[in-house]
Amino acid sequence: MTLTLTPSARVNFPTIEHLANGLTIVAEQVPVEAVNMNVWLKVGSAYESDSINGMAHFLEHMIFKGTDRLESGEFEHQIEARGAVTNAATSQDYTQYYITTAPGDFAELAPLQLEVVFNAGIPDLAFDKERLVVLEEIRRSEDNPQRRTFARAMETCFNHLPYRRPILGPVEVIEALTPQQMRDFHSFWYQPQNTTIAVVGNLPVEELIEIVSSAVEQTYRGVNNSEQDFSPLSWSNEPAFSKIERREYVDSSVQQARLVMMWRVPGLRDLEATYPLDIIAAILGQGKVARLFRDLREERGLVTQISASNFTQYLQGVFYISARLPVANLAVVEEAIAQHLANLHQELISETEIARIRTQVVNKFIFGNEKPSDRALLYGYYQSLLASVEPAVNYPSQIQSINPVELQTTAQKYLNPEAYGVVVIKPE
C-alpha cells in the first residue's frame, strides 16, 4: 500500500510504502547529490528491564561486528571505499542506523546496511572485546559533569518511568550480560514490523523504494526465534509534582554550581500539548533575547549560562531549565525562575513576542531539515514512534497557529511555580 500526503501549508510530502512483512518505507526525492537511509528500530533503553539495562546500546555496537555473510569490518570498508558515511545512535525510545552515499552507490550499499542490522552474528569473542569499549564509554560518561547533572536530574524527575535510568546502563549490568541474551534480544526486536526505513536523496521516489524493498528481501531471512519475551512493561505517566522535590549534591569537578528545575509534561503520546511548551521554552530560555537570559544573565549578572528546553519523549516529557551560577546566587535565581513562570500564569504573552518566537522556532525547524540526512531523521523518528509522518510535515503550521491564551493555559496546567523537581550541584 502506498500513501502520498496531500499538499497543504506544510513542509514536505514524502511517500510511504508498507511492505507485506510489516516494514515501513518513507521516501522523498530532493535535489541534493546524496542519498541518506535511516533505519529505525522501535526499541531503546525504555524497553529494557532493570536486569538488562544498557542492552539496546550495547547491541548497537555489536551490529557492526559482522554476519554469516559479511566479515567484521567489511561493511565499514565498503562504506569508506566509496566515500560514504555511516553511524548509529541509541535513545530511550529507539535505535537508529544510517548511511549517506552518492546516489550512484546507494543500490550497492543499502543491502550492506540492512545485512548488518538484520543478521548481526554477535560472536562471543567480539562481544567480550566490545563490552570493554562500552564499559569505558560508561566511565567517560560518569566523568562528564554535564552528563552527571542530567542523570541526577532524570533520577529526580521520574520515580518509576524508565527515563530515570541511563541509556548506557550501569557497569554491573553490562558486566553480567551474555552473548546469548543479546542474540535473543536482537531476534525479538529487530524484526520488519518493528522497523521503519526513511530514505531521502536525489533519486526518483519509485527507485528509492525499489532499492530499499529489494534490499530488505535480500537480507531479512530470520524469524523471531528468541527464547525470551522482551515485551516492555505497560507504563503510565507520572503525576505532576505536588510540591518542590529537592536533591543536592557536592561535586569536586565543577567550578560553578548547577541548578536544574524540572516539570513533568506531556510526551509524544499527547503531541498537541507539546507545541505550546516548545514555544514557552523558546520564550524563556532559547537565544539572547529570551526572558531568563536577558533578566538573569544580561541585566542582573546572576548566572553565566541559562537555558530552557522541552524534552518530548515518547511516554512523558520533561520541561527542563538549567543554569550555571555562583553558589551564593542559587536561592535568588531559583526564586526568579519561579517568578517568571508565575508571570506566564498571570499575564498574556504579547503578540509581538509570540510572533518573534513563532518565526524563530519555525525557521530553526525548517533550516534544520534541509539536508537529506536531516529529513530522513525527521521522517524516521515520527513514523517509527507514532506510525505517522504528519507531525513532521505539519510542525510549522501547528506552531504558527498557537495564540497567547493557549500559552497561558498550558503554563497554568503544566508549569507550576510552586511544585517542581530541582537538582542543585555545588562545587566542593
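**Exercise 1.** Which residues does N194 touch, not counting residues up to four places away in sequence? Place N194 in the chain and decide whether N194 is buried or exposed.

*Solution.* The model is a predicted one.
- Step 1: N194 sits in the loop between α7 and β7 (195-201).
- Step 2: leaving out residues up to four places away in sequence, N194 touches W40, L41, K42, V43 and W189.
- Step 3: for W189 there is also a distance to give, since a polar atom of the N194 side chain lies 3.1 Å from the backbone oxygen of W189.
- Step 4: buried means under 20% relative accessible area. The relative accessibility of N194 is 15%, so N194 counts as buried.

**Exercise 2.** Describe how strand β3 (residues 24-29) is enclosed, and find its pairing with β2 and with β7.

*Solution.*
- Step 1: of the 6 residues of β3, 5 are buried, so the strand is largely enclosed by the rest of the structure.
- Step 2: β3 pairs with strand β2 (residues 15-18) in the antiparallel sense, over 4 bridges. T24 in β3 is the bridge partner of H18.
- Step 3: the hairpin of β2 and β3 has 5 residues between the strands, and G22 in this hairpin takes a positive phi near 100°.
- Step 4: β3 and β7 run parallel and are joined by 6 bridges. Here A27 has V199 in β7 as its bridge partner.

**Exercise 3.** I122 and A387 each have a positive phi. For each residue, find the loop and decide: buried or exposed?

*Solution.*
- Step 1: I122 is not a glycine, yet its phi is positive, at about 50°. The residue lies in the loop between α3 (106-118) and α4 (124-142).
- Step 2: the relative accessible area of I122 is 0%, so I122 is buried.
- Step 3: A387 is not a glycine either, and its phi is about 55°. Its loop runs between α13 (372-386) and α14 (390-400).
- Step 4: exposed means over 50% relative accessible area. A387 has 59%, so A387 is exposed.

**Exercise 4.** What lines the second largest pocket, and which of the lining residues are the closest to its centre?

*Solution.*
- Step 1: the space in the second largest pocket is about 340 Å³.
- Step 2: the pocket is lined by 18 residues, and F118, A120, H186, S187 and N225 are the closest to its centre.
- Step 3: helix α7 (residues 179-189) gives the most to the lining, with 5 residues.
- Step 4: sorted by class, the lining has 6 nonpolar, 7 polar and 5 charged residues.

Key. Residues numbered from 1 in each chain as written. Predicted model: local features only at pLDDT ≥ 70, side-chain atom pairs only at ≥ 80, totals over all residues. Heavy atoms only, no water. 1 Å grid on protein atoms, 1.4 Å probe; cavity = no way out; pocket = protein on both sides within 12 Å on 5 of 7 lines; lining within 4 Å. Points joined across faces, edges and corners; volume = space filled by probe spheres on them. Helix = DSSP H or I, 4+ residues; strand = E, 2+ residues; numbered from the N terminus. Nonpolar A, V, L, I, M, F, W, Y, C, P; charged D, E, K, R; others polar. Buried < 20%, exposed > 50% of the residue type's maximum accessible area, 1.4 Å probe, protein only. Polar contact = N/O pair within 3.5 Å; in protein donor to acceptor, adjacent residues only side chain to side chain. Contact = heavy atoms within 4.5 Å. Pairing = 2+ DSSP bridges.
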